[in-house]
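Me: I would like to go through this structure with you, starting with the charged residues and then turning to the nonpolar interior.

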Amino acid sequence: MRPRPIAHFRRLPHNSRKTSSSALHTPSSNSDVEALNAGVNALTSVSSERKPRRYGQLQGLSVAVKDNICTSSLPTTCSSAMLHQYQSPFDATVVRLLRDAGAHIVGKTNCDEFGMGSLNMNSVHGAVVNPFQAQTTSNVPPTQTERRSAGGSSGGSAASVAAGICDAALGTDTGGSVRLPASYCGVVGLKPSYGIISRWGVVSFADSLDCVGILGKSVNTVKRVFDTVAVYDHRDPTAATPELREKTRPLNASFFPATTSTHQPRSLEGLRVGVPLEYFPSELDPSLVNVLRAVLRRLGEAGATLTSVTVPATQYALSAYYVITSAEASSNLARFDSVRYGLRTATPPGATTSKSSDVFAYSRSAGLGKEVQKRILLGTYALTADAFDNYFLQAQRVRLHVRRDFDRVFRYPCALLAQPRPPRDGVDVLLHPSAIRTAPPLDRGEQGSHGGGKAVPGLSEYLQDIMTVPASLAGLPALSIPVGKGADGWPVGVSVVGQWGCDDLVMRVGKAIEELC
């Protein structure tokens, strides 16, 4: 593939130096952006475009865009050698909407290769370093501070917001790739209802789960961006139709009026919050449970009704997720064959060229990282005739059970069902920890799948998604809000999950938690 000439951007070199993350305002120039990014490695390229002079809802707002969302003025590499310096001829719908609303695109953010990962270490650009610094290390020289993961796969988007590089950032969420980094970096992260925000122009990982998510410094910032990009797009075949969107409007509008009040103290009478019993696995850090209890106590004091609920299929969700996503990834990434798209490498001397598949294999092996190769192989096997019934179909059955479990606990009907039967005593939202722990250290496997052939971490990386995957399988909106610190002094987030289409409701509850905590 011959890349197009690239204009209006500056590619940033990988730098391992550590910088302070205590920025109180977004940078005003490219040099400021590069200085903040130097030790975080959140951006892969910086825009040289002048700030737009358009008047709109997002005028004055700086936004970073994940590197798997197409931009015509910046490269879209998906953090993969396969798409090195590839530049899209068009903007994704979400990028066009941001520009039309007056937002300033500051650059593209680092991510796990093609969105596959939970720690943002599987990137050809290097790992993203969490910009947060615990108070216990505030007097430690920058070169000696602890290097922790920003989470993945949208770690660069979360880190760019946390470091003060931008006001908001776009990411993608397949199984927690927005909420997990938001929790690790101490920012707000929204995964919308599936189909509410257009995916046109987003490089696919798993079509049936991919969502464009939003990260910001506050719930209000996230809401501003959401209101701009959450519009119907006829070019996206998975987009929720205008009729479906209209059906969910009364559900959001019927929410208790106290949430729109600006007077203090805020009253949450009428709000029913469910705490799912299955979201306390043995891997969950006890200090995170204490933070959740503090949040629940404050909600109760504000008048909310707290109740425990059960979603039994949660225990099978993670296994089903990896089967489904790997299968869809093996199909989606087949296009990167070095002919239609992707890196083309020379065939080694003496190698056979009689089969086109052999020629493809050399380029795909060179251009795709080990984690991506692993998931393609697993997904291809799951779709074979011998394994299809036992793996892929079983995973889809589990997914259906997960959706039904959620429908049984929410008081609002699912607009996607022809004849929904919500329970009379259902809850408005669910609340649970966003992650099983605070940000993990980077040192144990920082090079990831692009580091000199080094293998990716073991099963512990895949467990990071255990709290976020169920909402993704059901296509539900979920918002991670920072609410405190763990025992090690690093950020902790809790997630608010609502019925499909109740994105406004989720953000209203998130705003209430933000004010209470």
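Me: Is Lys-217 buried, partly exposed or exposed?

Reply: Lys-217 is partly exposed, at 37% relative accessibility. Buried means under 20% relative accessible area, exposed over 50%, and partly exposed in between, with a 1.4 Å probe and protein chains only. Please note that this is a predicted model, in which local features need pLDDT of at least 70 and side-chain atom pairs count only at pLDDT 80 or more, while totals for chains, interfaces and linings use all residues. Residues are numbered from 1 along each chain as its sequence is written, and side-chain values use heavy atoms, with hydrogens and water left out.

Me: Which side chain does Lys-217 meet in a salt bridge?

Reply: That of Asp-167, at 3.8 Å from N to O. A salt bridge here is a side-chain nitrogen of Lys or Arg within 4 Å of a carboxyl oxygen of Asp or Glu. Asp-167 is buried, with a relative accessible area of 14%.

Me: Where do the two residues lie?

Reply: Asp-167 is in the loop between α3 (155–162) and β5 (168–173), and Lys-217 is in the loop between β7 (211–216) and α5 (219–229), so the pair ties together parts that are 50 residues apart in sequence. Helices (H or I, at least four residues) and strands (E, at least two) are DSSP runs, numbered from the N terminus.

Me: How many salt bridges are there by this rule?

Reply: The count comes to 19. One of them joins Glu-371 to Lys-374, with the closest N and O atoms 3.8 Å apart. Both residues lie in helix α10 (residues 370–382), three residues apart, about one turn of the helix. Glu-371 is buried at 0% relative accessibility, whereas Lys-374 is partly exposed at 33%.

Me: And which residues are linked with Arg-148 in a network?

Reply: Glu-146 and Asp-488 are linked with Arg-148 by salt bridges. The bridge between Arg-148 and Glu-146 is 3.1 Å, N to O.

Me: Now the interior. Which residues touch the most other members of the largest nonpolar core?

Reply: Phe-114 and Leu-431 do, in a core of 112 residues. Such a core is a set of buried Ala, Val, Leu, Ile, Met, Phe, Trp, Tyr and Cys residues joined through side-chain atoms within 4.5 Å. Helix α8 (residues 314–332) gives the most to this core, with eight residues. Another core, of 22 residues, lies apart from it and includes Val-161 and Ala-182.

Me: What is Phe-114 in contact with?

Reply: Leaving aside neighbours within four places in sequence, its contacts (heavy atoms within 4.5 Å) include Cys-78, Phe-205, Leu-333 and Val-372.
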